[in-house]
There are 2 protein chains.
Amino acid sequence: MISKLIEKIREKEAPIVVGLDPSIANIPRHIIKNATDEKGETLAAAADAIISYNKAIVDKVYDLVPAVKPQIAMYEQFGVEGMRAFTETVNYCKEKGLIVIGDIKRGDIGSTSLAYAQAHIGKVSFGSASLSAFDEDFCTVNPYLGADGVKPFIEECNKNDRGIFVLVKTSNPSSGDFQDRVLRDEDSTLYETVGIKVNEWAALSMDGAYSNVGAVAGATYPKMGEILRRIMPRSYILVPGYGAQGGTGKDLVPFFNPDGLGAIVNSSRGIIAAYKKDEYKHFGEEGFADAARAAVLDMKKDINDNVFAKRRRV
Amino acid sequence: MISKLIEKIREKEAPIVVGLDPSIANIPRHIIKNATDEKGETLAAAADAIISYNKAIVDKVYDLVPAVKPQIAMYEQFGVEGMRAFTETVNYCKEKGLIVIGDIKRGDIGSTSLAYAQAHIGKVSFGSASLSAFDEDFCTVNPYLGADGVKPFIEECNKNDRGIFVLVKTSNPSSGDFQDRVLRDEDSTLYETVGIKVNEWAALSMDGAYSNVGAVAGATYPKMGEILRRIMPRSYILVPGYGAQGGTGKDLVPFFNPDGLGAIVNSSRGIIAAYKKDEYKHFGEEGFADAARAAVLDMKKDINDNVFAKRRRV
């Protein structure tokens, strides 16, 4: 699956993921009104609003980017109806030729991780049937439970040609609480140690020059990104934290390999709520999807100017 | 919320949680047949089978135990329909007076953790409405992202009188991959360091002598349980790993405080699939729920004999 992602990154000349994290506060009022006029202030109406919002944005950006990353929490908060919106979003994005990275951050003991893996990047058996539940192309995985919580995901990668990104160094302010602690016997931090494990796991699911086993490392920590880039040469790095969380184009440089590959950068609010920012306000609330398109184009330019102008182009 | 749990533990004289982890392989064939006769080999039929199975078990054990712990992965694997089964299970258990611990192991950056927290132990705002999504009493939380990934859950605990159990030392064989590493500056392991944080967080949501912020520590690691019991005196420990995973009655002793409180022990397969074990085979497949009841009574006796016979009773 990583080779498919790389192919699409090359084709679109954009190592960019649009984060589909639809918080209600960012959904334009006319979309909310349509939904609540029909179904009232209910979970079902919230789900309908999310679907309309996402589809309008996807329609305006699918030709520009290789992938989207729906953050499942923003759907799960609306219960079963929210999960319906998640499923419809995944399916719609796949119809549009986008690669879908489910930002689910699951991880559990082995038998339970297998259930999550089958739900999101595999199939589940029921009698003689083999059924798809959420069916993303990639998903994110939390490593706190160790190898036996991650390996079922890797097995599903190999069975179904899918991929994962393991959390290594997250973008949030307190990610250092545990991730940055120095391990005595390893003489390296926890995030480096997790990175070393990811590099071992990467060998279990190679797909061309890169592995289906990637990592998450936040744009907000570029020096740590540089270290991780060295530790995990075969792993793609999914880089959140660009834009709204504070990461800039310059911060992205160390996450890429000299071949111009190796990283894909996510922006969520910076794109899907661009219409609220001063620079895109002229699109108006009704023009939110056009504002998102403009923000993607600006992000692409920012990455090209800062990362690729100094290297050869993707 | 922890005081409500303690009250129910005292009332039932059983610090026991029944893990509702319905894997299809353990659901009796007549239940599967009823579901597939009606809906075919579909996600909807799997969900229906899970609901029937759970309700039958709950009907036979709700008078014996204070709480249940549905493992959401076993529902999520069946997609939106599976999440419907999760919701119906949560609601049914609450109707029966059981406390529901959602084993969801969520954790993300702050704004996203808030969405998970509102989904599972809070309410989500939509327009002027305040809506319930999954609405458990407690949920489990993954600490890998640090304080800002955990605190939104604590805030929801305080707002809605709910509780959480933070993963500290998990029951699985490879939990030591990261959790057991020694941190140089702290001169203690990662799991101890997480335990120290849990103890700090516990102070933020006290409810009587104990805190709404508890911890998960596996029965499979009793020595580590003893250490954690000391580090986190105000936190209830949710103890998985008893039974099918290898933990025994004797292993449970160190997880309890001298007051006979402080721990609640989960068993999943050992109870809900008891009918497959030699000792309960005489109940037959149709008698699966009676077998579950017998297994609960035996677990209660095992805990009483090993933990409380040597101390004063709960």
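These notebook entries record what I looked up in a predicted model of two chains, A and B.

**Entry 1. Conventions**

I number residues from 1 along each chain as its sequence is written, and chains are lettered from A and ligands numbered from 1 in the order in which they are written. As this is a predicted model, local features need pLDDT of at least 70 and side-chain atom pairs count only at pLDDT 80 or more, while totals for chains, interfaces and linings use all residues.

**Entry 2. Chain A overall**

I looked up the secondary structure of chain A and found 12 helices and 13 strands; helices (H or I, at least four residues) and strands (E, at least two) are DSSP runs, numbered from the N terminus. The C-alpha trace of chain A spans about 60 × 55 × 35 Å along its principal axes. I then checked the radius of gyration, which is taken over C-alpha atoms, against the globule rule of 2.2 Å times the number of residues to the power 0.38. For 314 residues a compact globule would have a value near 20 Å, and the 19 Å of chain A agrees.

Of the 314 residues of chain A, 61% count as buried. A residue is buried if 20 or more other C-beta atoms lie within 10 Å of its own, exposed if 12 or fewer, and partly exposed in between, with C-beta atoms placed from the backbone. I also noted that 71% of the contacts in chain A between residues at least 6 apart in sequence join residues at least 24 apart. A contact here requires that the C-beta atoms of two residues, placed from the backbone, lie within 7 Å.

**Entry 3. How the two chains are related**

I superposed chain B on chain A: a rotation of 180 degrees with 0.0 Å of shift along its axis does this, at an RMSD of 0.0 Å. That is the relation of a two-fold axis. The superposition is by least squares on the C-alpha atoms of residues with pLDDT of at least 70 in both copies.

The contact takes 62 residues from chain B and 62 residues from chain A. On the side of chain B that touches chain A, I recorded 29 nonpolar, 22 polar and 11 charged residues. In this classification Ala, Val, Leu, Ile, Met, Phe, Trp, Tyr, Cys and Pro count as nonpolar, Asp, Glu, Lys and Arg as charged, and the others, Gly among them, as polar. The copies meet through the same surface, because 100% of the interface residues of chain B are also interface residues in chain A.

**Entry 4. Helices α6 and α7**

In chain A, I examined helix α6 (residues 110–121) against helix α7 (residues 147–160): they pack at an angle of about 35 degrees, with their axes 8 Å apart. Axes are lines fitted to C-alpha atoms, for helices over the stretch in contact, and angles run from 0 to 180 degrees between N-to-C directions. The crossing of α6(A) past α7(A) is right-handed; a crossing is left-handed if the near helix is turned anticlockwise from the far one by less than a right angle, and right-handed if clockwise.

From α6(A) the contact residues include A:Leu114, A:Ala117 and A:Ile121, and those from α7(A) include A:Pro152, A:Phe153 and A:Cys157. By class, this contact divides into six nonpolar, five polar and two charged residues.

I repeated the check in chain B, where α6 (residues 110–121) and α7 (residues 147–160) pack at about 35 degrees with axes 8 Å apart. The crossing of α6(B) past α7(B) is right-handed.

**Entry 5. Two strand residues**

I looked up A:Ile164, in strand β7 (residues 163–169) of chain A. A:Ile164 is buried, since 31 other C-beta atoms lie within 10 Å. Not counting residues up to four places away in sequence, A:Ile164 touches, among others, A:Phe153 and A:Cys157, two of the α7(A) residues that meet α6(A).

In chain B, I took B:Thr140, in strand β6 (residues 138–141). B:Thr140 counts as buried, with 28 C-beta neighbours inside 10 Å. B:Thr140 lies 38 residues from B:Gly102 in sequence, yet the C-alpha atoms are 6.6 Å apart.

**Entry 6. Positive phi**

Most residues other than glycine have a negative phi. A:Asp187 has a positive phi near 50 degrees; A:Asp187 lies in the loop between β8 (182–183) and β9 (188–189) of chain A, and is exposed, with 10 other C-beta atoms within 10 Å. B:Glu13 likewise has a positive phi, of about 50 degrees. B:Glu13 lies in the loop between α1 (2–12) and β1 (16–20) of chain B and, with 15 C-beta neighbours inside 10 Å, counts as partly exposed.
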